[in-house]
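Please open the structure in a viewer and keep the selection tool at hand. The tour below proceeds stop by stop, stating what to select and what is found there.

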Amino acid sequence: WEHDGAHYLAIANYFNGSDFSVSSPIYRLQRTGPDAPVPRIEHVQSINTNGARDVTSFSMAGTPHVAYANRWGGNVEVLRWNATLDLFERAQLMPSLGVTGLEAFEAGGVQYLAVVNVGP
């Protein structure tokens with residue numbers, strides 16, 4: 001997604017080979033000038049996730065948000081950008097059962113987050 005002239009990339013890490021509790025990084029890609037051949041990649045922060053199967057971004061009132069689908073963590077964590085701290089902070093933690101996918105969308109001027117769960 002793009003915000004204030006920079007592009008961001010959020011990664012959902014599911015498993016590191018031995019554990020589902022792994023960090024999922026967020027990066028900022030920014031060109032240092034119009035002639036720069038490659039954007040500068042900066043690590044913004046790492047989010048503690050537990051079997052993250054998906055991540056999505058959306059904007060509410062001009063503020064970026066990201067949501068992580070924690071398959072084994074039993075929740076969807078929604079984070080809101082804090083421009084003063086230059087990082088994401090938890091906005092909401094939604095209980096879930098085996099979440100595997102997320103889709104953010106807007107309808108009628110209202111922001112929604114669809115969650116795909118598996119299990120009973």
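A salt bridge is counted here when a side-chain nitrogen of Lys or Arg lies within 4 Å of a carboxyl oxygen of Asp or Glu. Side chains of opposite charge can pair in this way when their charged atoms come close. The model shown is a predicted one.

**Stop 1: the first salt bridge**

Select Arg-28 and Glu-42. These two residues form a salt bridge, and their closest N and O atoms are 3.2 Å apart. Arg-28 belongs to strand S3 (residues 21-30) and Glu-42 to strand S4 (residues 40-50), so the pair ties together parts that are 14 residues apart in sequence. Are the two partners buried or exposed? Arg-28 has a relative accessible area of 8% and is therefore buried, because buried means under 20%. Glu-42, at 28% relative accessibility, counts as partly exposed.

**Stop 2: from a pair to a network**

Keep Arg-28 selected and add Asp-86. Asp-86 also forms a salt bridge with Arg-28, with the closest N and O atoms 3.1 Å apart. This pair links distant parts of the chain: Asp-86 is in the loop between S7 and S8, Arg-28 is in strand S3, and 58 residues separate them. Asp-86 counts as partly exposed, at 34% relative accessibility. With Glu-42 shown as well, the view contains a network of salt bridges that links Arg-28, Glu-42 and Asp-86.

**Stop 3: another salt bridge**

How many salt bridges does the count give? The count comes to three. Now select Glu-77 and Arg-90, whose side chains meet in a salt bridge with an N to O distance of 3.0 Å. Glu-77 lies in strand S7 and Arg-90 in strand S8, so this pair ties together parts that are 13 residues apart in sequence. Glu-77 is buried, with a relative accessible area of 8%, whereas Arg-90 counts as exposed at 51% relative accessibility.

**Stop 4: an open sheet**

Switch to a ribbon display and select strands S5 to S8. These four strands form an open sheet in the order S5-S6-S7-S8, with antiparallel pairing. Which strands stand at the edges? Strand S5 (52-60) and strand S8 (87-95) do; each has a single partner strand, so one side of each is left without a neighbour in the sheet. Neighbouring strands of this sheet are turned by 20 degrees against each other on average, direction ignored.

Within the sheet, look at strand S7 (residues 75-82) beside S8: eight bridges join this antiparallel pair. Select Asn-82 to find the residue that stands opposite Leu-87 in S8.

**Stop 5: the nonpolar core**

In soluble globular proteins, nonpolar side chains tend to be buried together. Select Tyr-8, Ile-26, Val-66, Tyr-68, Leu-79 and Phe-88. These are the residues with the most contacts inside the largest nonpolar core, which has 13 residues. Strand S2 (6-10), S4, S5, strand S6 (63-70) and S7 each supply at least two residues of this core. Which strand gives the largest share? The answer is S2, from which three residues come.

**Stop 6: a hairpin and a surface patch**

Move on to strands S9 and S10, which run antiparallel and are joined by eight bridges. Leu-102 stands opposite Val-115 in S10. Next select Gly-108, in the loop between strand S9 (99-107) and strand S10 (110-117). The hairpin of S9 and S10 has two residues between the strands, and here Gly-108 takes a positive phi near 60 degrees. Gly-108 has 82% relative accessibility and therefore counts as exposed. For a sense of distance, add Val-44: its C-alpha atom and that of Gly-108 are separated by 32 Å, while the two residues are 64 residues apart along the chain.

Now select Phe-105, Val-110 and Tyr-112. Together they form a nonpolar patch on the surface, with about 260 Å² of accessible area. One of them, Val-110, lies in strand S10 and is partly exposed, with a relative accessible area of 38%.

**Stop 7: the whole protein**

Finally, zoom out and display the full chain. The protein has ten strands and zero helices. Along its principal axes, the C-alpha trace spans about 55 × 45 × 25 Å. Of the 120 residues, 34% count as buried.

Methods:
Residues numbered from 1 in each chain as written. Predicted model: local features only at pLDDT ≥ 70, side-chain atom pairs only at ≥ 80, totals over all residues. Heavy atoms only, no water. Buried < 20%, exposed > 50% of the residue type's maximum accessible area, 1.4 Å probe, protein only. Pairing = 2+ DSSP bridges. Axes fitted to C-alpha atoms, helices over the stretch in contact; angles between N-to-C directions. Patch = residues over 30% accessible without salt bridge, like charges linked within 9 Å, V, L, I, M, F, W, Y side chains within 5 Å. Areas by Shrake-Rupley, 256 points an atom, 1.4 Å probe, with all protein chains shown as cover. Core = buried A, V, L, I, M, F, W, Y, C linked by side-chain atoms within 4.5 Å.
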